[in-house]
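Please open the model in your viewer and follow the stops below in order, selecting the named residues at each one.

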Amino acid sequence: MAQQDDSFKKVIAHSKEYGFIFPSSEIYDGLSATYDYGPFGSELKNNIKQYWWKAMVQMHENIVGLDAAIFMHPKTWKASGHVDAFNDPLIDNKDSKKRYRADVLVEDFVEKINQKITKDITKAKKRFGDEFNETEFRATNGNVLRRQAQMDEIEARFQKALEAENLEEVRQIIIDLEIACPLSGSKNWAEVKQFNLMFATQIGATAENSNTVYLRPETAQGIFVNFLNVLNTSRQKVPFGIAQIGKAFRNEIVARQFIFRMREFEQMEMQFFVKPGTEKKWYEYWKEKRQQWHAALGLGDDMYRFHDHLKMAHYANAAADIEFNFPFGFKELEGIHSRTDFDLKQHQNLSGKKLQYFDLEENKNLVPYVVETSIGLDRMFLAVLSASYKEEVVDEAKGTSRVVLKIPPVLAPFKVAVFPLTKKDGMPEKAKEIFNELRFETNCYYEEKDNIGKRYRRQDAVGTPYCITVDQQTLEDNTVTIRERDSMEQERIPVAKVAEIVNARCSWKNVLS
Ligand code: GAP
């Protein structure tokens, strides 16, 4: 745990030092749970957006894009259930005066039991080697069975309490499990209260004429209310999808873990409209597709796992999270929900407008069902950044080391850096010439300050896959050295080949195909 904390602190410090992420309005001591993306961070973030958008919209003929307003008619949020049900059950510790999400306290407790099972399995794997059969071990080992039963019992009891909105029972579960305040160790808990997470503001010039509007807590509703507009203008037919990237806002009480849980964040959401009765098939399809999208980046298959929801959102009939192994353990990165026809029907009821399509097979109008994929852009950023952060020994004898961000090349903020070896003999001019040509092809960086070793280290630290160095020989035969970030290997190549090599490794095709 201490090791995890340590590595997370290093990622946070690194991202500030190298211009990826800054605390928001830092000169005023920051604003909690809001962050700004710096020069390198905004590039990486844009590349993640592009990867998602290309995979969804460019690569699917039956998915189109949308960019809806953040402000929406207040009835939207009544219809969606957010006014009445977008609550977190909160519990205060009377001694530490700290506030926690009750469901997070219980989920963390269950996760600790799960970690004990994982430990038992790892030990047994070591002992039995190739003979080891995990399924059999899980089904027969006494300790594992006892722990699994304990987890199932807690989860079932907790789910029942949440569904019945029995907040006294939620508190009782925390007391019965002897869960202590993570900060003070105190078990002195106040009652559990529901807290709505939407930010409200006023629209209109005077107080008398003003209306309460909300900053959208999810981008999805902009898609639902535009269902007919898109259907009528895009020549799409059910099944089809609408994709959107945009800001969302939640007054998170327990805003923590850097950009993992923020009050202002970005979502990349896609609503796939399907014929009623086919939603489970499409749900499985999108689970698989989203898994492939993640796997193509090569951050490691063992960094992901699926988690079926303990508490289903008010609109879903099936839901799973793709969890990522962040520096603080496996946590939700993306949600895939089968949202039924809940939202469209609710909007029909409150707006009085029909939100239907004509089904040729059934020969009648139907309200489509919806399968949603929803991923937090900032969480994806954190996933990429934390998985890419590596500390490596460069030369044991000399005691040199480096910090390198092994960001998937296609997402790297800059693909190539161009250096003159020294600032004389026409090398800067030649390097600038190469740089000015390359920037038509890709995002590149020019640098001439400090010695070459320091420049390599700086580019490693921001994840640039290639460095090009112009030296004396370049002026004679028009060749340069190209250094690859991960292997640190250098090769001499003609200037004319640079773009080809860089583009081949950083091409979108590598991850989209
Ligand atoms: N439209 C469905 C929806 O909003 P959600 O599970 O509440 O579902 C979807 O959110 C994704 O948005 C999450 O998987 C997470 O990646 C991201 N997300 C949610 N709350 C967030 C927050 N406070 N800060 C950063 N990302 C968040």
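For the first stop, contact means heavy atoms within 4.5 Å. This is a predicted model, and the tour should be read with that in mind.

Select Leu 44 and show its surroundings: leaving aside residues up to four places away in sequence, Leu 44 touches Phe 20, Phe 381, Val 384, Leu 385, Ile 407, Leu 411 and Pro 413. Next, extend the selection to Phe 20, Ile 48, Trp 52, Phe 324, Phe 381 and Leu 411, which together with Leu 44 touch the most other members of the largest nonpolar core, a set of 63 residues. Colouring by domain helps here, because domain 1 (1-69 + 217-394) and domain 3 (414-512) both give residues to this core, so the core lies between them. A second, separate core has 26 residues, among them Ile 117, Ala 124, Leu 162 and Ile 179.

To place these cores in the whole chain, add domain 2 (87-196) to the colouring, since the protein is divided into domains 1, 2 and 3. If you draw a line between the C-alpha centres of domain 2 and domain 3, its length is 51 Å.

Now select the ligand. Which residues are the closest to it? Of the 21 residues that surround the ligand, the closest are Glu 218, Met 262, Glu 269, Glu 332 and Leu 333. Start with Glu 218, where a polar side-chain atom lies 2.6 Å from a nitrogen atom of the ligand. At Gln 267, a polar side-chain atom lies 3.0 Å from an oxygen atom of the ligand, while at Phe 260 a polar backbone atom is 3.4 Å from a ligand nitrogen atom. The ligand on its own has 560 Å² of accessible area, and the protein covers 93% of that area. Showing the strands makes the surrounding shell easier to follow: the elements that give two or more residues to it are strand S10 (264-274), strand S13 (329-340) and strand S16 (369-376). Of the shell, S13 supplies the largest share, namely six residues.

For the last stop, select Glu 252, in the loop between strand S9 (240-249) and S10. Is Glu 252 buried or exposed? With a relative accessible area of 5%, Glu 252 is buried. Not counting residues up to four places away in sequence, Glu 252 touches Asp 88, Arg 101, Leu 197, Arg 261, Met 262 and Arg 263. Finally, add Tyr 51 to the view: from C-alpha to C-alpha, Tyr 51 and Glu 252 are 28 Å apart in space, and they are 201 residues apart in sequence.

Definitions and conventions
Residues are numbered from 1 along each chain as its sequence is written. This is a predicted model: local features need pLDDT of at least 70, side-chain atom pairs count only at pLDDT 80 or more; totals for chains, interfaces and linings use all residues. Side-chain values use heavy atoms; hydrogens and water are left out. A nonpolar core is a set of buried Ala, Val, Leu, Ile, Met, Phe, Trp, Tyr and Cys residues joined through side-chain atoms within 4.5 Å. Buried means under 20% relative accessible area, exposed over 50%, partly exposed in between (1.4 Å probe, protein chains only). Domain bounds come from an automatic or database domain assignment. A residue is near a molecule or strand if one of its heavy atoms lies within 4 Å of it. A polar contact is a pair of N or O atoms within 3.5 Å; within protein, one must be able to donate a hydrogen and the other to accept it, and residues adjacent in sequence count only if both atoms are side-chain atoms. Accessible areas come from the Shrake-Rupley method with a 1.4 Å probe; for residues, only the protein chains shown count as cover. Helices (H or I, at least four residues) and strands (E, at least two) are DSSP runs, numbered from the N terminus.
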